[in-house]
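Here are my notes on this model, point by point. Please read them with the structure open.

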Amino acid sequence: MNETFELSGEYIALCDLLKICNVCDSGGAAKHFIAEGNVRVDGQVELRKTCKIRVGQQVSGDGFTIRVAAP
């Protein structure tokens, strides 16, 4: 899955982004998914569940890539 997410604010928490983009079914599942080391932000493994994702960043993992863009 390749997706572009249009960010309307300054940032979005990583766990919220995964939930909104349907990578995970819930916020709790997203937090567990991140804690297991399954998510990369700009190519680096990210373990902080509430990492601030901003315009221009890319979030990826096995089978998904989300590019964060301005609206």
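1. A cut-off first. A residue counts as exposed when its relative accessible area is over 50%, as buried when that area is under 20%, and as partly exposed in between. By that rule E10, at 60% relative accessibility, is exposed. Keep in mind that this is a predicted model.

2. Overall make-up. The protein contains two helices and seven strands. Read from the N terminus, the order is β-β-α-α-β-β-β-β-β. The C-alpha atoms fill a box of roughly 30 × 20 × 20 Å along the principal axes. For 71 residues, a compact globule would have a radius of gyration near 11 Å, and the protein agrees, with 11 Å.

3. Surface and contacts. Of the 71 residues, 35% count as buried. The accessible surface comes to about 4200 Å², and carbon and sulfur atoms hold 44% of that surface. Among contacts with a separation of 6 or more, 48% are between residues 24 or more positions apart.

4. The core. The largest nonpolar core has 20 residues. Those with the most contacts inside this core are F5, L14, L17, L18, I53, V59 and I66. At least two core residues come from each of β2 (12–13), α1 (14–20), α2 (27–35) and β7 (64–69). Which element gives the largest share? That is α1, with four residues.

5. F5 in detail. Leaving out residues up to four places away in sequence, F5 touches I12, L17, I20, C21, I66, R67, V68 and A69. Two of these partners, L17 and I66, are also on the list of core residues with the most contacts.

6. Strand pairing. β1 and β7 run parallel and are paired over five bridges. Within β7, A69 is the residue opposite E6. β7 also pairs with β6, this time antiparallel, through four bridges. There, G61 faces F64 of β7. β6 and β7 make a hairpin with two residues between them. G63 sits in that turn and has a positive phi of about 90 degrees.

7. Salt bridges. How many does the structure hold? There are two. Side chains of opposite charge can pair when their charged atoms come close. In one salt bridge, the side chains of E10 and R54 meet at 3.4 Å, N to O. The two residues are 44 apart in sequence, so this pair links distant parts of the chain: E10 lies in the loop between β1 (2–6) and β2, R54 in the loop between β5 (52–53) and β6 (58–61). R54 is partly exposed, at 34% relative accessible area.

8. The other pair. R48 forms a salt bridge with E46, and their closest N and O atoms are 2.8 Å apart. Is each partner buried or exposed? R48 counts as exposed, at 53% relative accessibility. E46 counts as buried, at 11%.

9. K52. This residue is in strand β5. K52 is partly exposed because its relative accessibility of 44% falls between the cut-offs of 20% and 50%. In sequence, K52 and Y11 are 41 residues apart; in space, their C-alpha atoms are 5.6 Å apart. K52 touches Y11, I12 and Q57, again without counting residues up to four places away. I12 is therefore a contact of K52 and also of F5, where a contact means heavy atoms within 4.5 Å.

Definitions and conventions. Residues are numbered from 1 along each chain as its sequence is written. This is a predicted model: local features need pLDDT of at least 70, side-chain atom pairs count only at pLDDT 80 or more; totals for chains, interfaces and linings use all residues. Side-chain values use heavy atoms; hydrogens and water are left out. A nonpolar core is a set of buried Ala, Val, Leu, Ile, Met, Phe, Trp, Tyr and Cys residues joined through side-chain atoms within 4.5 Å. Buried means under 20% relative accessible area, exposed over 50%, partly exposed in between (1.4 Å probe, protein chains only). A salt bridge is a side-chain nitrogen of Lys or Arg within 4 Å of a carboxyl oxygen of Asp or Glu. The radius of gyration is taken over C-alpha atoms; the globule rule is 2.2 Å times the number of residues to the power 0.38. Accessible areas come from the Shrake-Rupley method with a 1.4 Å probe; for residues, only the protein chains shown count as cover. Two strands pair if DSSP finds at least two bridges between them.
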